Amino acid sequence: MFRNLTPAVRTLLFANAGVFLLTQYVFGENLWMPFALWPLHASGVVGMLPFEPWQLLTYAFLHANFWHILTNMFALCIFGPDTERLLGTRRFWIFYLVCVLGAALTQTWVTAQWWPASGPTVGASGGIFGVLLCYGMAYPYRKLILLPVPIPMPAWLFVTLYGVLELMLGIFGNGQGIAHFAHLGGMAGGYLLLRFWRAHPRAHY
């Protein structure tokens, strides 16, 4: 699997792993805290840092624990290479960062509206969910398995069910622990960009 990694996916893998090691074993919260995505209302609240614009991107290179980064990077290794080959490395970078930004903006809006007491958001999941959406649209009939149900299904159904699941968990969950709406924001950002590229096929990026 690792021998088939494409340039952008490999860079993202090493960047996330490197930042994880630095935050876990070298700098700790001194590096983690300022670059996590804090809610807009965080400034002045005891125990919370203020929102800063750079956090809209930097949060995606931070992870809460080993399981968190392992699942995200595994998904990136599975779905990222084919997506990068489809889009090209330059467009893949643009696509990934737009998904990350879409996830951050969605999470920022949701926390401001419904969960004012929420803490910071971290993780590459917004970008990963955007990549998953693109993969499902590009290769709709490839067989995938949505765990914990070990039943093979076409990629278009896999992505659809995953999206519906995230929506249901976002609406009926308590909003703590997992940023379900951020995942949906990453998918939405990726979808809008793909629609833009489809409408402007001669645009150069």
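This briefing walks through the fold, the helix packing, the nonpolar cores and a few individual residues.

The model is a predicted one. The protein has eight helices and two strands, and 44% of its 205 residues count as buried. Much of the story here is about how H5 sits against its helical partners, and about a nonpolar core of 44 residues, the largest in the protein.

**Overall layout**

- Reading from the N terminus, the elements go α-α-α-α-α-α-β-β-α-α, so the two strands come after six helices and before the last two, as that order follows from the DSSP runs numbered from the N terminus.
- Take the contacts with a separation of 6 or more: 69% of them join residues 24 or more positions apart.

**H4 against H6**

- Helix H4 covers residues 66–87 and helix H6 covers residues 125–138; the pair packs at an angle of about 40 degrees, with axes 9 Å apart.
- That angle is why H4 and H6 are oblique to each other, and their crossing is left-handed.
- On the H4 side, the residues that meet H6 are His 68, Asn 72, Ala 75, Leu 76, Phe 79, Gly 80, Asp 82, Thr 83, Leu 86 and Leu 87.
- On the H6 side, their partners are Ser 125, Ile 128, Val 131, Leu 132, Cys 134, Tyr 135 and Ala 138.
- Sorted by class, this H4–H6 contact comes to eleven nonpolar, five polar and one charged residues.

**H5 against H6**

- H5 and H6 pack at about 125 degrees, and their axes are 7 Å apart.
- H5 and H6 are therefore oblique to each other, with a right-handed crossing.
- From H5, the contact draws on Phe 92, Phe 95, Tyr 96, Cys 99, Val 100 and Ala 103.
- H6 answers with Gly 126, Gly 127, Ile 128, Gly 130, Val 131 and Cys 134.
- The class split for H5 with H6 is nine nonpolar, three polar and no charged residues.

**H1 against H5**

- H1 and H5 pack at an angle of about 45 degrees, with 9 Å between their axes.
- This pair is therefore oblique as well, H1 to H5.
- H1 brings Pro 7, Ala 8, Val 9, Thr 11 and Leu 12 to the contact, while H5 brings Thr 89, Phe 92, Trp 93 and Tyr 96.
- By class, the H1–H5 contact has seven nonpolar, two polar and no charged residues.

**The nonpolar cores**

- As a rule, nonpolar side chains in soluble globular proteins tend to be buried together.
- Within the largest core, of 44 residues, the ones with the most contacts are Tyr 59, Phe 79, Leu 87, Phe 92, Phe 95, Tyr 96 and Phe 158.
- At least two residues of this core come from each of H1 (7–25), H4, H5 (89–113), H6, H7 (155–172) and H8 (180–199).
- Phe 95 shows how the pieces come together: beyond its neighbours within four places in sequence, Phe 95 is in contact with Leu 87, Gly 130, Val 131, Cys 134, Gly 190, Leu 193, Leu 194 and Trp 197.
- There is also a second, separate core of seven residues, and Met 33, Ala 36, Met 48 and Val 122 are among them.

**Residues worth a look**

- Leu 193 sits in helix H8 and is buried, because its relative accessible area of 12% falls under the 20% cut-off.
- Setting aside residues up to four places away in sequence, Leu 193 touches Ile 94, Phe 95 and Val 98.
- The C-alpha atoms of Leu 193 and Cys 99 are 8.8 Å apart, although 94 residues separate the two along the chain.
- Thr 23, in helix H1, is buried too, at 6% relative accessibility.
- Outside its neighbours within four places in sequence, Thr 23 is in contact with Gly 28, Leu 31, Trp 32 and Leu 62.
- Thr 23 and His 63 lie 40 residues apart in sequence, with a C-alpha to C-alpha distance of 8.8 Å.
- Glu 52 belongs to the loop between helix H2 (29–35) and helix H3 (55–58), and with 26% relative accessibility it counts as partly exposed.
- Glu 52 and Pro 34 are 18 residues apart along the chain, and their C-alpha atoms are separated by 8.4 Å.

Methods:
Residues numbered from 1 in each chain as written. Predicted model: local features only at pLDDT ≥ 70, side-chain atom pairs only at ≥ 80, totals over all residues. Heavy atoms only, no water. Axes fitted to C-alpha atoms, helices over the stretch in contact; angles between N-to-C directions. Helix = DSSP H or I, 4+ residues; strand = E, 2+ residues; numbered from the N terminus. Parallel < 35°, antiparallel > 145°, perpendicular 65-115°, else oblique. Left-handed = near helix turned anticlockwise from the far one by under 90°. Contact = heavy atoms within 4.5 Å. Nonpolar A, V, L, I, M, F, W, Y, C, P; charged D, E, K, R; others polar. Core = buried A, V, L, I, M, F, W, Y, C linked by side-chain atoms within 4.5 Å. Buried < 20%, exposed > 50% of the residue type's maximum accessible area, 1.4 Å probe, protein only.
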